[in-house]
Amino acid sequence: MNMKIIIISILAVAVVAGGAMLVISGASNSSSQTVDNVSMVGGKQIITISAKGGYSPRLTNAKAGVPTVIKMNTQGTFDCSSAIVIPSLGYRSNLPPSGETLIDVPPQNAGTALQGLCSMGMYSFSINFN
Ligand SMILES: [Cu+2]
């Protein structure tokens, strides 16, 4: 009987702590424009952008001339930012409510600004290649 109560309270603490960490990481993501969301994996440049009530980060500085993958993250995204359009790539997709969607981007010339939009053009993000 006592054991059960202890286990339940441990679970409750874990859930609350997990929730708090999510809130903290979410806040730091949206407040900072200089998040490091670009990484190189196996010669490919991976740009991570999350979509939920808009796109984060709004502005990304990336390398020109390398094959690139945009990794769109959704997590409980039920707003229109899940309907994504990248006009210059002719790309249009409906992202799943939660998950990862990979978008292949061919090497871009220096000076290119790639723009992504929600289908209504209300939310946007840009990636500058240099
Ligand atoms: Cu929209």
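# Strands, hairpins and one buried glycine

Reader: Which residue in β7 stands opposite Val85?
Author: Some ground rules: residues are numbered from 1 along each chain as its sequence is written. What you see is a predicted model, where local features need pLDDT of at least 70, side-chain atom pairs count only at pLDDT 80 or more, and totals for chains, interfaces and linings use all residues. Opposite Val85, in β7, stands Arg92.

Reader: How many bridges pair β6 with β7?
Author: Strands here are DSSP runs (E, at least two residues), helices are runs of H or I with at least four, and both are numbered from the N terminus. Two strands pair if DSSP finds at least two bridges between them. Strand β6 covers residues 83-86 and strand β7 residues 91-94, they pair in the antiparallel sense, and the number of bridges is four.

Reader: Which residue takes a positive phi in the hairpin of β6 and β7?
Author: That hairpin has four residues between its strands. The positive phi, near 60° in another hairpin (β2 and β3, at Gly53), is near 65° here, and the residue that takes it is Gly90.

Reader: What is the order of the strands in the five-stranded open sheet?
Author: In general, strands of a sheet pair through backbone hydrogen bonds, either parallel or antiparallel. In this sheet the pairing is mixed, and the order is β4-β10-β9-β6-β7.

Reader: Which strands sit at the edges of that sheet?
Author: Look for strands that pair on one side only. β6 isn't the one you want, since the order puts it between β9 and β7. The edge strands are β4 (59-62) and β7.

Reader: Which residue in β9 is the bridge partner of Ile84?
Author: β6 and strand β9 (residues 113-118) pair in the antiparallel sense over two bridges. The partner of Ile84 in β9 is Cys118.

Reader: Why does Gly116 count as buried, and how many other C-beta atoms lie within 10 Å?
Author: Gly116 is found in strand β9, and it touches Tyr55, Ile84, Ile86, Ser124 and Phe125, leaving out residues up to four places away in sequence. (Contact means that C-beta atoms, placed from the backbone, lie within 7 Å.) A residue is buried if 20 or more other C-beta atoms, placed from the backbone, lie within 10 Å of its own, exposed if 12 or fewer, and partly exposed in between. Gly116 is buried because the number of other C-beta atoms within 10 Å is 23.

Reader: What distance separates the C-alpha atoms of Gly116 and Ile86?
Author: Along the chain, these two are 30 residues apart. Ile86 is also among the residues that Gly116 touches. Their C-alpha atoms are separated by 4.5 Å.

Reader: Do β2 and β5 run parallel or antiparallel, and which residue of β5 is the bridge partner of Ile46?
Author: Seven bridges join β2 to strand β5 (residues 68-74), and the two run parallel. By contrast, β1 (residues 38-41) and β2 (residues 44-51) pair in the antiparallel sense. Ile46's partner in β5 is Val69.

Reader: Over which residues is the pLDDT below 50?
Author: pLDDT is the predictor's confidence in each residue, from 0 to 100, and the protein's mean is 85, with 73% of its residues at 70 or more. The stretch you're after has five contacts in the model beyond near neighbours in sequence. Where pLDDT is low, the predicted coordinates should not be read in detail. The pLDDT is below 50 over residues 22-33.

Notes: Two residues are in contact if their C-beta atoms, placed from the backbone, lie within 7 Å.
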